[in-house]
Amino acid sequence: MAIINKYTDIVILGIESSCDETSAAIVINDHIRSNRIANQTIHQTFGGVVPELASRAHQANVIPVIDTALKDAKLDKSQLTAIAYTQGPGLMGALMVGSAVAKSMAMSLGIPLIPVNHMQAHILAHFIKKTPDQAVPSFPFLCLTVSGGHTQLVLVKDHLEMEIIGQTIDDAAGEAFDKCAKILGLPYPGGPLIDKLAVNGNINAFSFAEPKANGFDFSFSGLKTSFLYFIQKKVKENPNFIEENKADLCASIQHTIVKILLDQFEKAAKKLNVKDVCIAGGVSANSYLRNGLKARAEKNNWNCFIPEFEFCTDNAAMIAITGYFKYLKNQTGSLTDVPMARMEF
C-alpha cells in the first residue's frame, strides 16, 4: 500500500462515464498514479453509440475499473481524499451510473464528492503530470477542444475560469469525421480510420466547401452535406469510385476539416495575442490536426501543448485532475447534485 501523508497529499479518485468509455483514475496532488479505461466495442455493430447499451456496459464495468485503478496506484479506498465524477454533459443513463457509484462511495467513506464538467476536464488534462518538471501551459492560453459532440475555442484564464469565445453552430468536428467515414462505408468509429487511411492519400485530390461562420465560430453541416452529394454523384458515374479513391478522399476531407479548425484557431490566437496554445478532446488524437497545430505554432512563435494520446479521448484522469483543482478551491458538491445531459460550461 502506498504511503500517503493525509496532511499534505490530496488523493482524488476520478470516475468517467459520459458516453462509451468507463474509466477510473487516481491522482495524488497533480500527479497521475493510475488511469484505467474499459472500452465498449458493442457499438461497432450498430455504427454508433446506443445509449441503453452504453448504460448497461457502464454498470458492468464501473466497479472493476475502480478496483483496478486503486490496485494500480497501490492504494486502499480508505486513503482517498475525495471522489470526482463526470456530472455532464453526456448520455443521461451513462452519467447516472458514474454519479450513483461516486455518491455511494463518497457517502460510505465520509469524504467529499466533486462533480466535474466533462468539457472543462478535457482542457485541464494538460495539467496531468507524470514528472515533477513537466511543462504545462501558462495563463491565459487558448484551447481548441474538439470531440464527437463539441467543438469549442476556449480562453483559459485560470484552472477553473474559462470562457468560450467560439463554438460550432451545427455539427461538431468529430461528428463530421464520423459521418463522412460512414458515407465512405468505414466502420464506427470512423474518425481514426480516416486519419489512418489519409496517410497514403493526396490532400489536394478533391476540394470541398469550407463553410463560414461569424466571429470565431465553426460550421460543419454544410461540408458534410456537400461531401455526401459529391460521393453520390461520383458513385453513380463509377460504382467503384470510393474504393479506387479511398485514401485520397480521406486525405482531402481530413485536410478540409482540420483547415477549418486551424484557420479559426489562428485568427482567435492572433486577435487575443496569446502565446500558449493547446488542443484537447478526442479529435486532438488526430495526427493531421496535431501536426497542423505544431506547424502553425512554429510559424507564429507560439508555445504549443498537445496531450498524450491516453488523455485525449474520454478518460478519468482528466476528471480526477479537475477534481483536484476544485478541491483546492473548496468547490465540492453534494448528494443532491444531479447528472446533466446538457451542462453549462
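Which residues have the most contacts inside the largest nonpolar core? In this predicted model, they are L144, L153, F220, I257, L261 and L289. The core itself has 45 residues. Nonpolar side chains tend to be buried together in soluble globular proteins.

The overall architecture comes next. The protein chain holds nine helices and ten strands. Its C-alpha trace spans about 70 × 45 × 30 Å along the principal axes. The radius of gyration is 21 Å, which agrees with the value near 20 Å for a compact globule of 345 residues. Of these 345 residues, 52% count as buried. The accessible surface comes to about 15,200 Å². Carbon and sulfur atoms account for 52% of that surface. Many contacts bridge distant parts of the sequence: among contacts between residues at least 6 apart, 73% join residues at least 24 apart. The chain carries 32 positive and 33 negative charges. The mean positions of the two sets are 1 Å apart.

The largest nonpolar core draws on both strands and helices. Strands β6 (141-146), β7 (151-158) and β9 (276-280) each give two or more residues to this core. So do helices α4 (173-183), α5 (191-198), α6 (221-237), α7 (241-272) and α8 (287-300). Helix α7 gives the most, with 14 residues. L153 is one of the residues with the most contacts inside the core. Leaving aside neighbours within four places in sequence, L153 is in contact with L142, C143 and L144, among others. Its further contacts include E163, I164, I165 and G166. F216, F218, Q264, F265 and A268 are also in contact with L153. Another core lies apart from the largest one. This other core has 32 residues, among them I32, I123, A317 and I319.

Two partly exposed residues illustrate contrasting separations. S287 lies in helix α8. Its relative accessible area is 29%, so S287 is partly exposed, falling between the 20% limit for buried and the 50% limit for exposed. S287 and P192 are 95 residues apart along the chain, and their C-alpha atoms are separated by 9.2 Å. L335 is found in the segment after α9 (316-328). L335 is also partly exposed, with a relative accessible area of 46%. The C-alpha atoms of L335 and F206 are separated by 54 Å, and these residues are 129 apart along the chain. Not counting residues up to four places away in sequence, L335 touches K103, M107 and L113.

The backbone also has some notable local features. A cis peptide bond joins F139 and P140, with omega about -10°. P140 sits in the loop between α3 (118-124) and β6. Another cis peptide bond joins Y188 and P189, where omega is about -5°. P189 belongs to the loop between α4 and α5. Positive phi values occur in residues other than glycine. N29 has phi near 60° and is placed in the loop between β2 (21-28) and β3 (31-39). N330 has a positive phi of about 60° and is not a glycine. N330 lies in the segment after α9. Its relative accessibility is 64%, over the 50% limit, and N330 therefore counts as exposed.

How values were computed: Residues are numbered from 1 along each chain as its sequence is written. This is a predicted model: local features need pLDDT of at least 70, side-chain atom pairs count only at pLDDT 80 or more; totals for chains, interfaces and linings use all residues. Side-chain values use heavy atoms; hydrogens and water are left out. Helices (H or I, at least four residues) and strands (E, at least two) are DSSP runs, numbered from the N terminus. The radius of gyration is taken over C-alpha atoms; the globule rule is 2.2 Å times the number of residues to the power 0.38. Buried means under 20% relative accessible area, exposed over 50%, partly exposed in between (1.4 Å probe, protein chains only). Contact means heavy atoms within 4.5 Å. Accessible areas come from the Shrake-Rupley method with a 1.4 Å probe; for residues, only the protein chains shown count as cover. Lys and Arg count as positive and Asp and Glu as negative; His and the chain ends are not counted. The place of a charge is taken as NZ of Lys, CZ of Arg, CG of Asp or CD of Glu. A nonpolar core is a set of buried Ala, Val, Leu, Ile, Met, Phe, Trp, Tyr and Cys residues joined through side-chain atoms within 4.5 Å.
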